[in-house]
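Q: Please take a close look at the salt bridges and the cysteines here. I would like one connected account that says where each partner sits and how far it can be trusted.

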Amino acid sequence: MGKATSTPLLFQSKLLCFSLFYLFTSLFLALYTSLSQSQCFFRSSPYDPIQTPLFSYPPSYGEHKYAIPTHRSTCSSPVFFSDYWTVLKEIQDLCKNSSLASPVLSYMQGRADSFGGNFSTQKRFSYFDHDNTSVELPCGFLKKFPISNSDRVAMENCKGVVVVSAIFNDHDKIRQPRGLGSKTLNNVCFFMFVDDITLKGLDYHKLISRKSKIGAWRIVRVSSKDLYGNPAMNGVIPKYLVHRLFPNSKFSIWIDAKLQLIVDPLLLIHTLVVSEKVDIAISKHPYYVHTMEEAMATARWKKWWDVDALKSQMETYCEMGLQPWSPKKLPYTSDVPDSAMILRKHEVGNNLFSCLLFNELEAFNPRDQLAFAYVRDQMRPKLKINMFEVEVFEQVAVEYRHNLKRIGEEEGSRGVHKTKRTKRARADLLYVNGSCCSRCQKYLLDMWGESHD
């Protein structure tokens, strides 16, 4: 007779085995979560994303140099994407039906010396209460936008979702989007606006073909000699007047050229705009909450050369009702965005906000974060906005450093000589002769939590 074998008592209980398996699995997941770089968990992009590169760059171009690392370890608002095919069909249906019974704005026509008309402060502010959509609104294009007719026709034929970017003064590289679904390029247009200097650089690297297309991006040449002297201000036109450049598009994503999109744009639009039922989705600034914090940083870190003009802008907004952020402003969770990526639904709320904000940028400077809260808080009807966490932004795009500037070139020059020196701001940006300017004194005291009775 064979020798009988006995099963150890420890493994005779199925319940005990399952319990141990669950325990070790839970411990592993907890350890993985605590050690992972980010706790923002996303559903993978499309089920069958395009894996092959959309374009092969020559080694000399170096489009993937100098990525900026991220170090955030927590995420207060994780985002989950729906199934790609469900999203594709839903957005297709929305694009087909969105024009039905949807009110539209009337835009001012005519000719002016500047692209936006350069209206006075009182005139610009008179359009903020705009419940009557039949009143003509100034919204750029009072001077011809210098692009070719073929590009104009292509822009008008983009009738669904458009992704827009711009490179002026050759400050960035063209980067191809990643993680696209197999049907995305058939349903999303990609347009990159460039000036003559950038075009010259692309030609040097032999990237421009007869079709003027580089990978996913259609390249649109803008003759900057007929626009603003400052390249940054020229970039503001496609950034904030995208609804006018693409009049038949229903959704758009603006993405700064320093970013590379790594999540399918259809998933982003669906999750951050459609599902949230908002006009615009934009990331919070990673450090600042109050407009005045951004103004001080703008001057201190030489992001704009004219400190006196910055001071005048802030005093104007303080006098006209700008307040620091507080819980009273909820559901708006911050006054300062990171505007490197903006997702929009092209309806009245977004279109009005974009027009009003563009007018402020022409009046003062292209630093859009300074005018953002004032326009948002003062406009009527109110804007529906999703200000998502910066950790989400860092999960959907990779940020790269700008190209090196040319010798003698200043980033903030707007129609001034290129060698104009930056006036470095001190910590007392809004102080004159030791005392605070009266127009912003209440704002600053409220921001600092001090009594002003």
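A: Let's begin with Arg 367, which counts as buried at 18% relative accessibility; buried means under 20% relative accessible area, exposed over 50%, and partly exposed in between, with a 1.4 Å probe and protein chains only. Glu 294 is buried as well, with a relative accessible area of 1%. The side chains of Arg 367 and Glu 294 meet in a salt bridge of 3.7 Å, N to O (a side-chain nitrogen of Lys or Arg within 4 Å of a carboxyl oxygen of Asp or Glu). This pair links distant parts of the chain, 73 residues apart: Arg 367 is in the loop between helix H12 (348-363) and helix H13 (368-378), and Glu 294 is in helix H10 (residues 291-300). Helices (H or I, at least four residues) and strands (E, at least two) are DSSP runs, numbered from the N terminus.

A word on the ground rules: this is a predicted model, where local features need pLDDT of at least 70 and side-chain atom pairs count only at pLDDT 80 or more, while totals for chains, interfaces and linings use all residues. Residues are numbered from 1 along each chain as its sequence is written, and side-chain values use heavy atoms, leaving out hydrogens and water.

Helix H13 has a salt bridge of its own: Asp 335 pairs with Arg 376, with the closest N and O atoms 2.5 Å apart. Asp 335 lies in the loop between helix H11 (307-319) and strand S10 (337-345) and Arg 376 in helix H13, so parts 41 residues apart in sequence are tied together. Both Asp 335 and Arg 376 are buried, and a network of salt bridges links them with Lys 329 and Asp 377.

For a contrast in burial, look at Asp 196 and Arg 221, whose side chains form a salt bridge at 2.7 Å, N to O. Asp 196 is in helix H6 (residues 196-204) and Arg 221 in strand S6 (residues 217-221), so this pair ties together parts 25 residues apart in sequence. Here Asp 196 is partly exposed at 30% relative accessibility, and Arg 221 is partly exposed at 39%. The whole structure has 15 salt bridges.

Now the cysteines. Helix H12 also holds Cys 355, which is 216 residues from its disulfide partner Cys 139, in the loop between strand S2 (136-137) and helix H4 (149-156); a disulfide is a pair of cysteine sulfur atoms within 2.5 Å. The S to S distance of Cys 139 and Cys 355 is 2.1 Å, and their link is left-handed, with -75° about the S-S bond.

Helix H11 contributes Cys 318, whose disulfide with Cys 440 has the sulfur atoms 2.3 Å apart. The torsion about the S-S bond of Cys 318 and Cys 440 is about 100°, so this disulfide is right-handed. Cys 440 is in helix H15 (residues 438-448), 122 residues from Cys 318, and both cysteines are buried. Cys 95, however, is in no disulfide; the nearest cysteine sulfur, that of Cys 158, is 9.1 Å away.

How far can you trust this? The mean pLDDT of the protein chain is 84, and 78% of its residues reach 70 or more; pLDDT is the predictor's confidence in each residue, from 0 to 100. Over residues 405-427, pLDDT stays under 50. Where pLDDT is low, the predicted coordinates should not be read in detail.

How values were computed: Contact means heavy atoms within 4.5 Å.
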